[in-house]
Amino acid sequence: MTRDDLSTRTLTDDDFEQLAAVLSGAFLLEDPELWEINRRFLEIDRVHGVFEGTELLGSAAALTRSLTLPGGVSAPVAAVTWVGTALGHRRRGILSRLMTAQLHGLHESGAEPIACLGASEGGIYRRFGYGVSTEWAGVTVPGKAPFRPEVDLGEDRVRETSRAQALPLIAAMYDQGARHTGWMSRAASHWDFALADTQATRSRGGSRLHFALHPEGYAVYRVHPGGTFSAPEYQLHVLELFSTSPVGHAALWRYLLDVDWISEVRYPKCPTTDPLFSLLADRRQAASRPVDALWVRLVDVDRALAARRYSAPLDVVLEVLDPRCPWNDGRLRLRVDEAGAATAAATSEPADLTIGIADLGAVFLGAARLSTLAASGLVSEHRAGAVAEASRAFLTDPVPYCTVDF
Ligand SMILES: CC(=O)SCCNC(=O)CCNC(=O)[C@H](O)C(C)(C)COP(=O)(O)OP(=O)(O)OC[C@H]1O[C@@H](n2cnc3c(N)ncnc32)[C@H](O)[C@@H]1OP(=O)(O)O
């Protein structure tokens, strides 16, 4: 195969069966039920494919979503998903072609200024300009772990509900989180995908999905059997836990920790600042392992930087290094007023800071600190004080969180 034999284009409905076959192979996942969900979930005309003749060798999809940026601003984002290269065709540049076509396509069409994704492996996406913008805490807590005595659990009970009853209620609760930085919109088909409960997802994950509802929150979980009948050691895996009040949050965690037979509750997507850590009588009972969650790629740096709000006034010239997307590569002046609103425009003035595009993506949502990157030598300061000023302005409170379920 020479590079000239390959072509790249967006897909049509006629390509869907081939797409399902390639990605089932790429993800080592035989799950026809999931592909029926994907038929509705994917926007086929936003899926790029690389072909050799008529044979699809790899693909990368973009979903039309909105993401909440610092300041509660809702911005359109391309949620990148189902990226894969067919087995037998790896490490020949197919992913590189897909990423280039996708980024250039977004820029040229003037579509979303920001792309984001959840990565299967940590070593893939930095080279394409993506940086880790949010993290999960990846927490494990022993069953029955006690809370501090003063924790208010309220009067309302947590009840197990059928999927059909739960979905409209939890969708409405989820939408109440829309002002939190990192919140992503979900269409109906997105819920079907995020909470897919197919035979294959069950065999990997244990039981069917359980829906635990409280008037002020919900939890979705699976149970993995373990131990013996006389000494059960089950694990409870939380997919999502969302609450609209501190009482709802505490009551849901108490409920999950107290399910009999459960020796361990795991919540891989636990927010890094989950109040659970403060509720436990012994904080050490929550073992956590941080893991990258949402990766952000600024497709059009000027539009993206002007879209969010900032925590402090700022006037800084950034030199952005982005050889893969030359329209971003260069200097731009970012000015933030007293109210936190920003303008960003190309400039020929000398740079105050030099930063790579992936690192700018990492600090964009305000969770990662620019000053930490600078301390690692990854951001260069050309004017004394510029790092501290920019770091303060970019930070966001509360800490961003994204479920990354696409
Ligand atoms: C958002 C998502 O969908 S995440 C899911 C990503 N997909 C998967 O994990 C499915 C299984 N994996 C695959 O399908 C493929 O291995 C892919 C898509 C990850 C890579 O596809 P390929 O066509 O082999 O990548 P390609 O040959 O274009 O490699 C481009 C560069 O990335 C590097 N790279 C590719 N895969 C990996 C990896 N898993 N880890 C680290 N580096 C990688 C290559 O070495 C190459 O580096 P270079 O530019 O410095 O030479």
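Leucine 95 is buried in this predicted model, because 20 other C-beta atoms lie within 10 Å of its own, and a residue counts as buried at 20 or more such atoms. Leucine 95 has its place in helix H3, and once its neighbours within four places in sequence are left aside, Leu95 is in contact with Gly58, Val83 and Thr85.

Two of these contact partners, Val83 and Thr85, appear again around the ligand, where they are listed with Leu95, Ser120 and Gly123 as the closest of the 24 residues that surround the ligand. The elements that give two or more residues to this shell are strand S4, which spans 73–85, and helix H3, which spans 94–109. Strand S4 provides the largest share, namely six residues. In terms of residue character, the shell around the ligand divides into 10 nonpolar, nine polar and five charged residues.

The UniProt record, an unreviewed entry, carries the annotation "binding site", which covers Arg91, Arg92, Gly93, Ile94, Leu95, Ser96, Ser120 and Glu121. Leu95 and Ser120, both covered by that annotation, are also among the closest residues to the ligand in the model.

Arg91, another residue covered by the annotation, lies in the loop between S4 and H3. Is arginine 91 buried or exposed? Arginine 91 is exposed, because 7 other C-beta atoms lie within 10 Å, and a residue with 12 or fewer is counted as exposed. The "binding site" annotation therefore takes in both the exposed Arg91 and the buried Leu95.

Key. Residues numbered from 1 in each chain as written. Predicted model: local features only at pLDDT ≥ 70, side-chain atom pairs only at ≥ 80, totals over all residues. Near = placed C-beta within 6 Å. Helix = DSSP H or I, 4+ residues; strand = E, 2+ residues; numbered from the N terminus. Nonpolar A, V, L, I, M, F, W, Y, C, P; charged D, E, K, R; others polar. UniProt positions renumbered as here; feature names shortened; annotations may be inferred. Contact = placed C-beta atoms within 7 Å.
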